[in-house]
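Please open the model in your viewer and keep the selection panel to hand, since each stop on this tour begins with something to select and then describes what is there.

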Amino acid sequence: MAPLLDQKIEAVLETVQKPSRYIGGEANQVRKPQAARLVALCYPDAYEIGISNQALQILYAQVNARESFAAERVYCPWPDMADAMRAEGIPLFTLETWRPVGEVDMLGITLQAELTYSNVLEVLDLAGIPIRAGERGGSDPIVIAGGPSASNPAPVAPFFDAFFMGESEEAFEAVLDAIDSAPDRAGRMRLLEQIPSIYIPSLGRRPVERAIYTEFGIETQPTAPVVPYSSAIFSRASVEVMRGCTRGCRFCHAGTWYRPVRERPADQVIEAGLAQLGCTGYDELSLTSLATSDYTDVVAAIEGIKQRAPDLHLSLPSNRVDTGPVALTAAANARQSSITLAPEAATQRMRDIICKTITDEMIESAIEAAFRAGYSSLKMYFMIGLPRETHDEVQGIVDLGIRAREIGRAVGGRFSVHMSASNFVPKPHTPFQWEGMAPRDQLAAKQAYMRRAMPTRQIRLSLHDLRTSMLEGALSRGDDRTAEVIELAWRGGARFDAWTEMFQEQAWHDAFARMDTTMDGQATHEFGEWDELPWDHVRSGVTKEFLLDEWWQSKAEVATGDCRWDGCVDCGACFGPVRNLLVH
Amino acid sequence: MTYRITFAVRDRARFLSHLETVDTLLSALRRAGYQVALSRAMRPRPVIALALPRAVGVQSEAELADVELTSDPATAELSQRLSEQLPAGFELIAAEPAVGKPAASRVRGVSYLIEVADDLDWDQAVERYLAADAAVVTRTAPKKADKRIDVRAFCTRISHGPDGLVADIDLTEAGTARPEEVATAVAATIGATPTIIRLVRTEIVLREAPVGAPT
Ligand code: SF4
Ligand code: SF4
């Protein structure tokens, strides 16, 4: 007879949507029920989102590589499941062994996006772990945050015992050592305190350093990721070919947070890719990074893989706008019918402001190259609400849509253009961290204008939900008081905020109001140069002076070069072994 | 070459949907080193078909899948390599060259073990059910009109044993009955409602392939 908890879970699974989210058992899952130390790794969103996260797959392999440790996965149960679990008294459980999350040694939660913050509370509550770190006792797991959004810990600080900053591969070993070597929670916390990339909110705002993995191009990453059930958003093998990006787009958090650039040699990429295909059974391989077309060995890697696996579906996340990358994408993958370009801004003035160093000519020739290569669907990404944006910039996006259609018609054949515009949200650790978000009514007016002005024949326009963008803006640069708001909103019913159909806007407005503030006020708040920022104590490596200088450059509408090719501009990220490591 | 694969789906894996089951098989075949043939459509799809969809939550001891591989491995080799790659809850029962028309077009009936709570007189209910001319239940589905199903028209072989109800259900041109509808209809003959613990599909029965039919 199965244990009582298993029986209860099975009974509930009969009644919920997509029960495969909760069963585990996928190929390459690791099950070590006898391990002495248990770490639960959580992506606080639905299974199909979380399982596709590469960083967590790396961490899963890293923890499981230790003999005495088991890593087990957990995701945020969908509301139907969460409600059923509460009704039946089922605590949150891990996928591998269906063990209660409240019983593990450490619960690691990755913060990939601000709109998952309410789910963090949902996860803790379902696990039976006190929401606030201060209320946890000796038998509760140590709850630790990681991931890019941890770079501004303030809005979620009271909910975590510790934050891990940066890349896990080397530095997280010290965290595992701490869990392993002390017998109890208090002892483990004392050891964690001594790790430079760990921030412990209860000890005050002490400086904490982002961990950087210096062996990136030297060691090969694990090659047996868990193969999700078919509902996952990405079902493909992926090899990270390069980490970091120094293009320096001023809105981009990743462009700071993963500096400097480190590349993997093509032969490693080829071996790792083929090995992963073999052990996952995928028929698609993605060469991932922040900007794969910048990867020095990209041609060698594509050719090497094509040679060994000619029928493979190869994909490159294409963000750069240039004919080179378009040709590369076409060469990598003959089967695909759509291509994506990300100019981000449609006028030269705005591209200088945001430091996107491409020209109108480059964009137009990339569009033409895409249609000539036979792509029938062209998708282009833009942002609206960027600092100092005028009507010309918005009009520019409309004009570029029309221009793309003209080019498509001139090339001939069936095609469609998909114009997508998101709302700019200022992020910590970027040159735009001081900027406020554009007011809601302005963004709404710009969206309405684009809907009116953009022709609909052969052009599709998609615009991001303003409501969730404003919330993202209010949370991303939040402070200690934001944590109160998050808790109030979650208590008011907020969860799965990134899912438009689930978004409880009123719960958030009420929560902000109870803290005597507003969502829009927080989102549009502009910091002064001399203000202390809530994340100042988090040392990304890139100095505040550099970011400030970049902010001024943006006001002067001057773009900065990429240090990979144009020489160091002293952002502060490099020291000792930490430097741009290109393969040639 | 096309193979017919018989496999069981048990334990937690029974919560996989039809599509997830197909994908799980496909990726196991690829890990085992086989390439599944692609259809010659505009958007090529792997040539694989399960004989009958399985509702989420239903355990099966005998699922059938026809799959075309680009190679023709010996069945013993295919069985062994595929077995090694199937994830938790899946068990390979047989892999043989597929003979006759696709299994999906030849399903004649399905057998189930319907595990039920022993809180009513099932022997008497089965007796009454078998003696009745009709046993009508109402099928409800979201966004669809209710439908009345005469379960008796599809299920005449049923017994009650120590594990629950054992029922053979026919698939006809007029449709079929679901195992839970069978249990409901049987219990209704004594004015009761069944508590179903688990549904186990024990066999998928195919119509005979005509002799000499092409594979
Ligand atoms: S190219 Fe720009 S937007 Fe893309 S990762 Fe690099 S800095 Fe960020
Ligand atoms: S320190 Fe210089 S070389 Fe290193 S990332 Fe910064 S700008 Fe580039």
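**Stop one: two domains in chain B**

Begin with chain B of this predicted model, where the C-alpha centres of domain 1 of chain B and domain 2 of chain B lie 28 Å apart. To colour them separately, select residues 2-105 of chain B for domain 1 and residues 107-206 of chain B for domain 2, as the domain assignment gives them. Where the two touch, the contact takes 16 residues from domain 1 of chain B and 12 residues from domain 2 of chain B.

**Stop two: the surface between the domains**

Now show the surfaces of both domains: domain 1 of chain B and domain 2 of chain B bury about 1100 Å² between them, and 61% of this area is on carbon and sulfur atoms. Which three residues should you select on the side of domain 1 of chain B, if you want those that supply more of its buried area than any other three? They are L52(B), V58(B) and Q59(B), which supply 45% of the area that domain 1 of chain B buries against domain 2 of chain B.

Next, select E63(B) and R201(B) and display their side chains, which meet in a salt bridge with an N to O distance of 2.9 Å. The count between domain 1 of chain B and domain 2 of chain B is 1 salt bridge, and the count of residue pairs in polar contact, both at pLDDT 80 or more, is 7. Then highlight strand β3 (residues 59-68) of chain B, which with 6 residues gives the most to the side of domain 1 of chain B that touches domain 2 of chain B. Coloured by class, that side of domain 1 of chain B has 8 nonpolar, 3 polar and 5 charged residues.

**Stop three: chain B against chain A**

Bring chain A into view and select the contact between the chains, which takes 17 residues from chain B and 25 residues from chain A. The area buried between chain B and chain A is about 1600 Å², and carbon and sulfur atoms give 52% of it. On the chain B side, select R12(B), F15(B) and R31(B), which lose the most area to chain A and together account for 44% of what that side buries.

Finally, select E10(A) and R14(B), which form a salt bridge whose closest N and O atoms are 2.5 Å apart. Across the interface of chain B and chain A there are 2 salt bridges, along with 8 residue pairs in polar contact, both at pLDDT 80 or more. By class, the side of chain B that touches chain A has 7 nonpolar, 4 polar and 6 charged residues.

Technical notes. Residues are numbered from 1 along each chain as its sequence is written. Chains are lettered from A and ligands numbered from 1 in the order in which they are written. This is a predicted model: local features need pLDDT of at least 70, side-chain atom pairs count only at pLDDT 80 or more; totals for chains, interfaces and linings use all residues. Side-chain values use heavy atoms; hydrogens and water are left out. Domain bounds come from an automatic or database domain assignment. Contact means heavy atoms within 4.5 Å. Buried area is the accessible area (1.4 Å probe) that two parts lose on being put together, summed over both. A salt bridge is a side-chain nitrogen of Lys or Arg within 4 Å of a carboxyl oxygen of Asp or Glu. A polar contact is a pair of N or O atoms within 3.5 Å; within protein, one must be able to donate a hydrogen and the other to accept it, and residues adjacent in sequence count only if both atoms are side-chain atoms. Helices (H or I, at least four residues) and strands (E, at least two) are DSSP runs, numbered from the N terminus. Ala, Val, Leu, Ile, Met, Phe, Trp, Tyr, Cys and Pro count as nonpolar, Asp, Glu, Lys and Arg as charged, and the others, Gly among them, as polar.
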